[in-house]
Amino acid sequence: MQGAAGSNLLRARLDVTDASSIDAVFEEAASRFGAIDVVVNNAGVGLGGPLEAIELSQWREHFEVNLMGVVAVCRVAVAHMRPRRAGLIINVSSAAGRVGLPFLSPYNAGKFAVEGLTESLHFELKPHGVRVKLVEPGGVRSKFTHPWVKHVAYEREARAVQETMERGQERSARPEAAAKTIFAAANDSSDRLRYRASNAAALLALHAMLPETAWRALVRQGFGLSSARAARKELPR
């Protein structure tokens with residue numbers, strides 16, 4: 001389906017969990033434009049809550065999109081780019097791909113994996129002329145949400161984290177901030193690997209500067225989490 005820009009725009013449905021869908025869209029794009037120059041992996045889903053309450057099937061579904069979807073698209077992209085010895089893959093990670101946050105273990109795990117995947121590909125693909133980059137947004141004001149799984153034993157603290165995240169999203173940068181960083185990365189011919197967007201730069205700089213104990217205390221305070229002693233007193237009988 002063509003958009004307002006006619007032959008300069010191809011709009012197609014791509015499901016990162018469907019290999020045939022990925023193949024078809026890449027073939028159509030290569031046929032229309034002659035080559036695949038830049039691929040941006042931005043598809044993702046959220047999932048939050050206590051690990052104890054999240055079913056293994058939910059973990060698998062989450063990873064199927066947030067990790068395996070990235071892998072699947074990268075494989076096809078590389079197959080198009082390597083023979084030409086040219087091309088750029090940009091994987092959109094998150095500040096949550098660098099620092100762990102409470103009650104976001106599936107999302108953290110997936111984004112940490114994308115970080116490692118991309119850093120590995122940086123070395124693997126460079127001799128073949130294919131570059132990879134990571135964009136790490138912080139908070140972004142969008143319709144992206146984390147479906148929340150509940151467990152009575154964690155209710156107070158999980159609710160505090162969820163409410164803190166919702167308030168933070170309302171004050172976050174608009175999606176254009178992340179889009180500008182992606183555009184800048186796509187037009188940067190250097191060997192740079194990581195680009196931080198929205199408030200990620202300040203957050204990750206603070207994380208790098210503080211000792212681990214101070215960082216963890218800051219996270220607990222920021223999300224309204226109890227100390228270990230207080231949490232023991234609040235455990236359900």
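Trainee: How do you know that helix α3 lies across β1 and β2, and at what angle does α3 run to β1?

Mentor: In this predicted model, helix α3 (residues 68-81) lies across β1 and β2 (88-92) and runs at about 175° to β1. Angles over 145 degrees count as roughly antiparallel, so α3 and β1 are roughly antiparallel at about 175°.

Trainee: Why are α2 and α3 called roughly parallel to each other?

Mentor: Helix α2 (residues 56-66) packs on α3 at an angle of about 30°, and their axes are 3 Å apart. The cut-off for roughly parallel is under 35 degrees; α2 and α3 are therefore given that term.

Trainee: What makes up the contact between α2 and α3?

Mentor: From α2 come F63, E64, V65 and N66, and from α3 come M68, G69 and V70. By class, the residues of this contact are four nonpolar, two polar and one charged. Gly counts among the polar residues and Glu among the charged, so G69 belongs to the polar group and E64 to the charged one.

Trainee: How do you know that β1 is paired with β2?

Mentor: Pairing requires at least two bridges, and β1 and β2 have four, in the parallel sense. One of the bridge partnerships links V38 to L88 in β2. Likewise, four bridges join β3 (residues 131-137) to β4, and these strands also run parallel. There, E136 has R196 of β4 as its bridge partner.

Trainee: What makes β1 and β4 the edges of the sheet?

Mentor: The four strands form an open sheet in the order β1-β2-β3-β4, with parallel pairing. β1 (38-41) and β4 (194-197) each have a single partner strand, so one side of each lacks a neighbour in the sheet. Neighbouring strands are turned by 20° against each other on average, direction ignored.

Trainee: Which residues of β1 are on its covered face, and which are on the uncovered one?

Mentor: V39 and N41 form the covered face, whereas V38 and V40 form the uncovered one. In a regular strand, side chains alternate between the two faces of the sheet.

Trainee: Which residues touch the most other members of the largest nonpolar core?

Mentor: They are F26, I36, V39, M81 and I89, in a core of 25 residues. The largest share, seven residues, comes from α3. Leaving aside residues up to four places away in sequence, I36 touches F26, A29, A30, H80, M81 and R84. A second, separate core has 13 residues, among them L104, V161, V219 and L225.

Definitions and conventions:
Residues numbered from 1 in each chain as written. Predicted model: local features only at pLDDT ≥ 70, side-chain atom pairs only at ≥ 80, totals over all residues. Heavy atoms only, no water. Helix = DSSP H or I, 4+ residues; strand = E, 2+ residues; numbered from the N terminus. Axes fitted to C-alpha atoms, helices over the stretch in contact; angles between N-to-C directions. Contact = heavy atoms within 4.5 Å. Parallel < 35°, antiparallel > 145°, perpendicular 65-115°, else oblique. Core = buried A, V, L, I, M, F, W, Y, C linked by side-chain atoms within 4.5 Å. Buried < 20%, exposed > 50% of the residue type's maximum accessible area, 1.4 Å probe, protein only.
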